[in-house]
Amino acid sequence: IEPEPEGPRRAQGQPQVLGFTMEQKVTSAISYVTSGYTPEVYEITGHGEDTLSSLGLTSVLQKNNYKINKLDLLKDPSVPKNASVVIDISPKYDLNKSEETKLINYINGGGRAMFFFDLTSTMMNNQMPVYEDLLSNYGVGIEKGIILEGSKSHYANSPNILLPVYGSDKVAASILKPLTSNNLQMFVPNSLAIKELIVKQRNIKISPILTSSPNSWIRTDLTNNSANKIASDIPGPANIAVAIEQQTNNPTKNPGYRMIVGGDAQFLGQISVLGQIKGNVEFFTSALSWATNRPNSVNISSKSLFKLPLQMSNVLVYLYMAIVVIFIPALILGIGITMWLRRRHL
């Protein structure tokens, strides 16, 4: 059986084998036969959204037995009852109040939703008040600014390409388990910050999944290109993605709603020359499993052959520099002097 090529392409346009997906396909087929259940994913359209197809995620979801549908909230009277989860990726235009009402009715009825926003002019210019009102019902909002990282061990190439800090509470740990157990790194470029509102319902639990380091900040003045922190910046750490869960008295009969809200959608697709990052895809599929309450689903990821660029902290850089520049030459010099002195006294 030939391995299936996945991930970035070579410069000359030839496919590059970066992983093997055979085991994933077999276990996915077994899962479908044993459960007989296919979760229904509904993508919201009509606001300039990115699609799962354009991001290269359609085949990933299909391999995990998800059926993908479109949802036009302007035309459809409501969110379909068979919807396992509603996904909205990088909307460029705002909802209207009718669309918001349909989403609120669905979510409050125990629905599951995932929202991934991007840095857009409409978002930065406060032209998405309905989206913000929708999120405020569930205790979160969007900070108008981009997260910049000051810790070199938590960014790649430039301070806006984040290597996020992984959350540690029970919900975050369950979502991030496929990454932590396989030592996978995420790359998140140009992320907005998700803020937890002071006033929110008592039965809402908000779990930070991905955050920036304490040595980060939120740049609200995007006309300033300084790589250093300026006076108008908001100090970090900041939330990159959060999980929202409704706590109920009887979770068996009324499991409550679940939501994922992220400040970036670019990380779901191709990132510059790195292509589609395995850790990013694993995060998305694991978050989707949590949102749809499929923690026991069989999900064996493809075996990756792709190696990301080496990332080293400042301490390691100086340590290796000292070894190469000082210690090794000093050792060679010491050996040379010792041999010279011995030969001299022969």
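Start with the whole chain in view: in this predicted model, residues 24 or more positions apart account for 74% of the contacts that have a separation of 6 or more. Colour by secondary structure and you will find eight helices and 19 strands. Of the 346 residues, 46% count as buried. Switch on a surface if you like: the protein exposes about 17900 Å², and carbon and sulfur atoms supply 56% of that area.

**Stop 1: the largest nonpolar core**

Select Met114, Phe116, Ile175, Ile260, Phe283 and Phe284. These are the residues with the most contacts inside the largest nonpolar core, which has 47 residues. Now bring in the elements around them. Those that each supply at least two residues of this core are helix 2 (58-63), strand 4 (85-89), strand 5, strand 8 (158-162), helix 6 (170-180), strand 12, strand 15 (239-246) and helix 7 (278-291). Which helix gives the most to this core? Helix 7 does, with seven residues.

Stay with Phe283 and show its surroundings. Leaving out residues up to four places away in sequence, Phe283 touches Ile175, Leu176, Leu179, Met186, Ile209, Leu210, Ala241 and Phe267.

Apart from this core lies another one, of 34 residues. To find it, select Leu71, Leu134, Ile204 and Met259, which are among its members. Keep Leu134 in mind for a later stop.

**Stop 2: the aromatic rings**

Next, show the rings of the aromatic residues. The structure holds six aromatic pairs. One of them is Phe115 with Phe117, a stacked pair with 6.3 Å from centre to centre and 10° between the planes. Are these two residues buried or exposed? Phe115 counts as buried because its relative accessibility is 0%, and Phe117, with a relative accessible area of 1%, is buried as well.

Then pick the residue between them in sequence, Phe116, together with Phe267. Why is this pair called edge-to-face? The ring centres are 6.0 Å apart and the planes stand at 65°, and an angle over 60 degrees counts as edge-to-face. The pair links distant parts of the chain: Phe116 is in strand 5 (residues 112-116), while Phe267 is in the loop between strand 16 (258-262) and strand 17 (270-271), 151 residues apart. Phe116 and Phe267 are both buried. Add Phe283 and Phe284 to the selection, and you have one aromatic cluster made of Phe116, Phe267, Phe283 and Phe284.

**Stop 3: Ser207 and its partner**

Move to strand 12 (residues 204-211) and select Ser207. With a relative accessibility of 1%, Ser207 counts as buried. What does its side chain join? The side chain of Asp169, through a polar contact of 2.8 Å. Widen the selection to see what else is around: setting aside neighbours within four places in sequence, Ser207 is in contact with Asp169, Val171, Ala241, Val242 and Ala243.

**Stop 4: one face of helix 5**

Select helix 5 (residues 129-136), whose buried residues are Val130, Tyr131, Leu134 and Leu135. Turn the view to look down the helix axis. The buried residues of helix 5 fall within an arc of 140°, so they line one face of the helix. Now show what covers them: the cover includes strand 4, helix 3 (97-108), strand 5, strand 6 (140-149) and strand 16. Leu134 is the residue you met earlier in the core of 34 residues.

**Stop 5: backbone details**

Finish with the backbone. Most residues other than glycine have a negative phi, and most peptide bonds are trans. Three places are worth a click.

- Gly236 to Pro237: this peptide bond is cis, with omega near 5°. Pro237 sits in the loop between strand 14 (234-235) and strand 15.
- Asn157: phi is positive here, near 70°. Asn157 belongs to the loop between strand 7 (155-156) and strand 8, and at 77% relative accessibility Asn157 counts as exposed.
- Asn183: phi is again positive, near 55°. Look for Asn183 in the loop between helix 6 and strand 10 (188-189); its relative accessibility of 71% makes Asn183 count as exposed.

How values were computed:
Residues are numbered from 1 along each chain as its sequence is written. This is a predicted model: local features need pLDDT of at least 70, side-chain atom pairs count only at pLDDT 80 or more; totals for chains, interfaces and linings use all residues. Side-chain values use heavy atoms; hydrogens and water are left out. Rings of Phe, Tyr and Trp (its six-membered ring) pair if their centres lie within 6.5 Å; planes under 30 degrees apart count as stacked, over 60 as edge-to-face and the rest as tilted. Buried means under 20% relative accessible area, exposed over 50%, partly exposed in between (1.4 Å probe, protein chains only). Helices (H or I, at least four residues) and strands (E, at least two) are DSSP runs, numbered from the N terminus. A polar contact is a pair of N or O atoms within 3.5 Å; within protein, one must be able to donate a hydrogen and the other to accept it, and residues adjacent in sequence count only if both atoms are side-chain atoms. Contact means heavy atoms within 4.5 Å. A nonpolar core is a set of buried Ala, Val, Leu, Ile, Met, Phe, Trp, Tyr and Cys residues joined through side-chain atoms within 4.5 Å. The arc is that of the directions from the helix axis to the C-beta atoms. Accessible areas come from the Shrake-Rupley method with a 1.4 Å probe; for residues, only the protein chains shown count as cover.
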